[in-house]
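Work through the following exercises with the sequence and the coordinates open beside you, and try each task before reading its solution.

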Amino acid sequence: MSASQVPRPSKKYLAMSLDPYREMFEEMDDMILILDDSGMIEFANTALRRQLGKNRIRFTGRNLSERNYFDDLLSAEELLKTIFEEKSFITRSKTHAGENRHLDWKTKVFVIGKKKKAMAIIRDMTEHMDLQKKVEDYTKNLQEKVYERTHELEKEKQKAIELHQAKALFLSKMSHELRTPLTAIRGYAELLEEDEISDADRKQFVSVIEKNARGLLEMINETLNMIKIEQDRYQIHEKTFSLCNLIKHLMDTYQVLAREKGLQFHCQLGEHIPENIYSDPIAVSQILTNLIGNAIKFTHKGKVSLSVKIRRFPKKITQKLYFYVSDTGIGIPSHYHKRVFRSFEQYLDNQSVHERGSGLGLAISHQLAKLLNGEVKLLTSDTQKGSTFVFSLPVRIKSA
Amino acid sequence: MSQHRILLIEDDEDLATLYRIGLEKEGFIVYTSKNGLQGITKAIEKEVDLVLLDLMMPLADGRDVLAMLRLNAKSQNIPVIIISNLNPGTLDLSQYDDQVIDYWVKSEITPKMLASRLQSYFS
């Protein structure tokens with residue numbers, strides 16, 4: 001018997017012969033859909049019916065064009081066309097509970113008899129895509145955080161480098177500033193050994209030695225104070241003392257220095273300035289010495305002034321004193337204002353390297369004022385007009 | 001006794017007086033300037049044999065002075081000895097090696113030592 005003589009199986013037989021496979025398809029987790037090119041659904045497995053929430057509905061015999069169960073963006077026609085193009089694609093559908101699910105379609109077209117049919121294997125990718133999105137978001141977030149942190153670290157690194165440079169410059173300057181008075185002391189001591197010097201010269205040489213020794217001592221004390229303050233070891237000793245005597249002493253000292261430079265030095269006391277106050281006289285004196293000393297150092301013509309005012313709070317024991325130190329000196333460039341109270345960072349600006357002294361005066365004043373619960377601030381500064389600093393100090397007013 | 005002419009460019013008055021007295025005792029003729037700008041003019045006017053140059057000065061520091069000395073034909077060949085309390089090497093002066101003949105740290109020399117070293121140099 002030839003192949004053409006073999007009887008063809010009937011449709012019923014063919015349908016029945018699919019039965020073992022039908023069971024297999026029904027058991028699969030993936031969704032299976034078989035339909036013809038008119039959109040008539042020939043088979044939809046349990047997984048698919050469950051996905052659509054239509055367990056009890058028979059899909060077989062229904063047409064896709066009746067209702068697009070699968071995508072709220074594509075029309076039924078577009079979906080059918082895409083299925084028969086044998087592409088892989090993703091649809092978005094709502095479950096019976098109203099959840100959006102992303103379905104990944106893999107389709108295969110085949111011909112049975114003269115009819116074109118397509119089989120689609122559909123997988124729910126929603127969790128996978130959610131996870132993918134979460135991973136992408138997390139990665140993006142992580143990248144942003146890494147970028148921010150890298151940027152912060154770069155800034156901190158730069159700051160650390162600058163601070164290191166400033167400290168190196170500071171040490172270089174300090175060694176210069178310590179050696180200079182020692183040079184004068186040694187040199188003038190050698191001159192004093194000579195027999196043939198006049199009394200006037202001898203007196204002058206001794207005066208120079210004394211001046212440089214005092215300057216050296218001040219510098220060493222400043223440096224040690226700064227170290228103590230930075231290590232939180234500086235101790236405040238409060239007691240009642242005469243504010244007026246302290247101011248008078250400062251005036252006497254600095255009038256001489258000002259006159260030597262051809263400067264005027266004025267002091268003005270406001271109304272109700274108390275005779276005596278309760279605070280640390282050494283710290284207060286140190287702060288004012290630094291402020292006035294700096295003002296005179298950096299002023300080459302004009303004047304320096306100290307003005308003292310009080311702000312009284314009725315019924316309170318604590319009052320606030322304000323000491324304004326103004327000068328007509330070289331001023332401080334504006335880009336430098338924020339650094340002026342920092343101990344090492346001022347050395348980032350090479351200009352300060354050329355000035356005599358440790359350069360720690362303002363940093364020390366700033367820190368000491370804080371220890372006294374007060375404040376030292378740069379009120380104004382202009383390279384054409386000079387500067388004004390203010391030292392504010394809460395004090396208890398006590399009679400002697 | 002030496003009659004060499006020395007220009008001392010030093011902004012610290014005490015140190016300038018110290019070195020002037022010490023060197024004049026040993027027969028040097030000493031001119032002083034408080035700053036570099038004044039110093040350049042004096043170096044040329046007084047036809048000095050050597051410049052003792054401080055480095056840390058306001059306005060024009062030692063490097064600026066060296067640069068200016070080099071610009072003028074009358075001053076570019078005057079030998080310079082740096083005398084400073086900065087550690088050698090703090091400032092890069094290598095480009096002036098042809099003019100700077102030595103670097104002395106102030107705190108290590110007294111006026112007598114300074115005079116003695118200069119006498120050795122000139123002899």
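**Exercise 1. The two chains**

How many helices and strands make up the secondary structure of chain B?

Solution. Before counting, note that this is a predicted model, in which local features need pLDDT of at least 70 and side-chain atom pairs count only at pLDDT 80 or more, while totals for chains, interfaces and linings use all residues. Residues are numbered from 1 along each chain as its sequence is written, and chains are lettered from A and ligands numbered from 1 in the order in which they are written. Helices (H or I, at least four residues) and strands (E, at least two) are taken as DSSP runs, numbered from the N terminus. On that basis chain B comes to four helices and five strands, and read from the N terminus its elements run β-α-β-α-β-α-β-β-α. Chain A, for its part, has eight helices and twelve strands.

The next step is burial, where a residue is buried if 20 or more other C-beta atoms lie within 10 Å of its own, exposed if 12 or fewer, and partly exposed in between, with C-beta atoms placed from the backbone. Of the 123 residues of chain B, 37% count as buried, and of the 400 residues of chain A, 22% do.

**Exercise 2. Confidence along chain A**

Determine where in chain A confidence is lowest and where it is highest.

Solution. The quantity to use is pLDDT, the predictor's confidence in each residue, from 0 to 100. Its mean over chain A is 85, and 88% of the residues of chain A reach 70 or more. The lowest confidence in chain A falls in helix 1 (residues 11-27), at a mean of 68, and the highest in strand 9 (residues 303-311), at 95.

**Exercise 3. Helix 1 of chain B and its surroundings**

Find which residues of helix 1 of chain B are buried, and establish what they pack against.

Solution. Begin with the geometry: helix 1 of chain B (residues 13-25) has 13 residues and reaches 18 Å from its first C-alpha to its last, close to the 18 Å expected at 1.5 Å a residue, the expected span being 1.5 Å times one less than the number of residues. The buried residues in this helix are Asp14(B), Leu15(B), Leu18(B), Tyr19(B), Gly22(B) and Leu23(B). They lie on the same side of helix 1 of chain B because they cover an arc of only 150° around the axis, the arc being that of the directions from the helix axis to the C-beta atoms. An α-helix has 3.6 residues a turn, so residues three or four places apart point the same way.

For the packing, two residues are in contact if their C-beta atoms, placed from the backbone, lie within 7 Å. The buried residues of helix 1 of chain B pack against helix 4 (126-192) and helix 5 (199-230) of chain A, together with strand 1 (5-9), strand 2 (29-33) and helix 4 (111-122) of chain B. Just after helix 1 of chain B, Gly27(B) takes a positive phi of about 90°.

**Exercise 4. The surroundings of Phe323(A)**

Is Phe323(A) buried or exposed, and with which residues is Phe323(A) in contact beyond its neighbours within four places in sequence?

Solution. Phe323(A) is placed in strand 10 (residues 318-327) of chain A, and Phe323(A) counts as buried because it has 21 C-beta neighbours inside 10 Å. Leaving aside neighbours within four places in sequence, its contacts are Leu288(A), Leu306(A), Val308(A), Val390(A) and Phe391(A).

Turning to the strand itself, strand 9 and strand 10 of chain A pair in the antiparallel sense over eight bridges, where pairing requires that DSSP finds at least two bridges between the strands. In strand 10 of chain A, Asp327(A) is the bridge partner of Val304(A). The hairpin of these strands has six residues between them, and in this hairpin Lys315(A) takes a positive phi near 70°.

**Exercise 5. Positive phi in two loops**

Where do Asp232(A) and Glu47(B) lie?

Solution. Asp232(A) is in the loop between helix 5 and strand 6 (239-242) of chain A, and its phi is near 55°, a positive value in a residue other than glycine. Asp232(A) is exposed, with 8 other C-beta atoms within 10 Å. Glu47(B) lies in the loop between helix 2 (36-45) and strand 3 (50-53) of chain B, with a positive phi near 50°. Glu47(B) counts as exposed, with 11 C-beta neighbours inside 10 Å.
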